[in-house]
Amino acid sequence: MDCIFCKIAAGVIPSNKVYEDELCLAFYDIAPQAPVHVLVIPKTHIASADEISADNSALVAHIFEVIPKVAASAGITNGYRVITNCGEDACQSVKHLHFHILGGAHLSEQMAQDGTWIFRSSPDGEGSV
Ligand code: 5GP
Ligand code: ZN
């Protein structure tokens, strides 16, 4: 298994979990880019949003049903962003589908300060919670 998020889903690499069920896992990003930064992943390997098809879209729909619970569990009470980076030009660094949940009290101030709504991902961190 060569995929870091497959390893996290399998528990081979530890993560700081927010939510888990049989189909998906949510855990805190190792390098938070917002006051609250959680990743939601399918437990099965899907490389990116570009690989979503009729065969796996029910799983993606499930993830979107779970996202409000994840946001609430992470203490987000006043809105959040859901982002997925797909492919080279979007700087996708982990090639396993994941949705960034970005929220927290000062997110809107941070976005205003940055002068952009664009989410810039951070470099890979490996093997840490
Ligand atoms: P991408 O750049 O692919 O959209 O986002 C990948 C995200 O995964 C980054 O925000 C990065 O900080 C996070 N990440 C990479 N490796 C690990 C890890 O081992 N543990 C956790 N919790 N997050 C990770
Ligand atoms: Zn994977």
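In which strand is R81 found? In this predicted model, R81 is found in strand β4, a stretch that covers residues 80-83 and also holds Y80. R81 makes a convenient starting point for a reader new to the structure. With a relative accessible area of 17%, R81 is buried, because the limit for that class is under 20%. Once neighbours within four places in sequence are set aside, the contacts of R81 are H100, I101, L102, L107, M111, W117, I118 and F119.

Y80, also in strand β4, is placed in another class. Its relative accessibility is 35%, so Y80 counts as partly exposed. Together with F64 and V82, Y80 makes a nonpolar surface patch of about 250 Å².

From the surface, the description can turn to the interior. In soluble globular proteins, nonpolar side chains tend to be buried together. Here the largest nonpolar core has 20 residues, and A26, V38, V40 and V70 are those with the most contacts inside it. Two or more residues of this core are given by each of the elements β1 (17-20), β2 (24-28), β3 (36-42), α2 (57-73) and β5 (99-103). Helix α2 supplies the largest share, seven residues. V70 illustrates how this core is joined up: leaving out neighbours within four places in sequence, V70 is in contact with V18, Y19, A26, V38 and V40. Another core, of 12 residues, lies apart from the largest one, and its members include C6, I8, L39 and V94.

Aromatic rings offer another view of how the chain is put together. A pair of aromatic rings is described by the distance of the centres and the angle of the planes. The count of such pairs comes to two. In the pair of F5 and F27, the ring centres are 5.5 Å apart and the planes stand at 80 degrees; since an angle over 60 is classed as edge-to-face, so is this pair. The pair links distant parts of the chain, with F5 in helix α1 (residues 4-10) and F27 in strand β2, 22 residues apart. Both F5 and F27 are buried.

The other pair is made by F64 and F99. Their ring centres are 5.0 Å apart and their planes are at 75 degrees, so this pair is edge-to-face. F64 belongs to helix α2 and F99 to strand β5, and the pair links these distant parts of the chain, 35 residues apart. Are F64 and F99 buried or partly exposed? F64 has a relative accessible area of 41% and is therefore partly exposed, whereas F99, at 4% relative accessibility, counts as buried. F64 is also one of the residues of the nonpolar surface patch, alongside Y80 and V82.

Charged side chains come next. Side chains of opposite charge can pair when their charged atoms come close. In this model, the count comes to three salt bridges. K17 forms one with E20, and the closest N and O atoms are 3.2 Å apart. E20 also meets the side chain of K43 in a salt bridge, at 2.8 Å from N to O. K43 lies in the loop between β3 and α2, while E20 is in strand β1, so the pair ties together parts that are 23 residues apart in sequence. K17, E20 and K43 are thus linked in a network of salt bridges. Each member of this network is partly exposed: K17 at 44% relative accessibility, E20 at 38% and K43 at 25%.

A further salt bridge joins the side chains of E88 and K95, at 3.9 Å from N to O. E88 counts as exposed because its relative accessibility is 63%, and the limit is over 50%. K95, at 39%, counts as partly exposed.

Two loop residues complete the account. C91 is found in the loop between β4 and β5 and has a positive phi of about 60 degrees although it is not a glycine. At 52% relative accessibility, C91 counts as exposed. G75 is found in the loop between α2 and β4 and, with a relative accessible area of 48%, is partly exposed. How far apart in space are G75 and I118, C-alpha to C-alpha? The distance is 23 Å, and the two residues are 43 residues apart in sequence. I118 is also one of the residues in contact with R81.

Technical notes
Residues are numbered from 1 along each chain as its sequence is written. Chains are lettered from A and ligands numbered from 1 in the order in which they are written. This is a predicted model: local features need pLDDT of at least 70, side-chain atom pairs count only at pLDDT 80 or more; totals for chains, interfaces and linings use all residues. Side-chain values use heavy atoms; hydrogens and water are left out. Patches are made of residues with over 30% relative accessible area and no salt bridge: like charges are joined within 9 Å, nonpolar side chains (Val, Leu, Ile, Met, Phe, Trp, Tyr) within 5 Å. Accessible areas come from the Shrake-Rupley method with a 1.4 Å probe; for residues, only the protein chains shown count as cover. A salt bridge is a side-chain nitrogen of Lys or Arg within 4 Å of a carboxyl oxygen of Asp or Glu. Helices (H or I, at least four residues) and strands (E, at least two) are DSSP runs, numbered from the N terminus. Buried means under 20% relative accessible area, exposed over 50%, partly exposed in between (1.4 Å probe, protein chains only). A nonpolar core is a set of buried Ala, Val, Leu, Ile, Met, Phe, Trp, Tyr and Cys residues joined through side-chain atoms within 4.5 Å. Contact means heavy atoms within 4.5 Å. Rings of Phe, Tyr and Trp (its six-membered ring) pair if their centres lie within 6.5 Å; planes under 30 degrees apart count as stacked, over 60 as edge-to-face and the rest as tilted.
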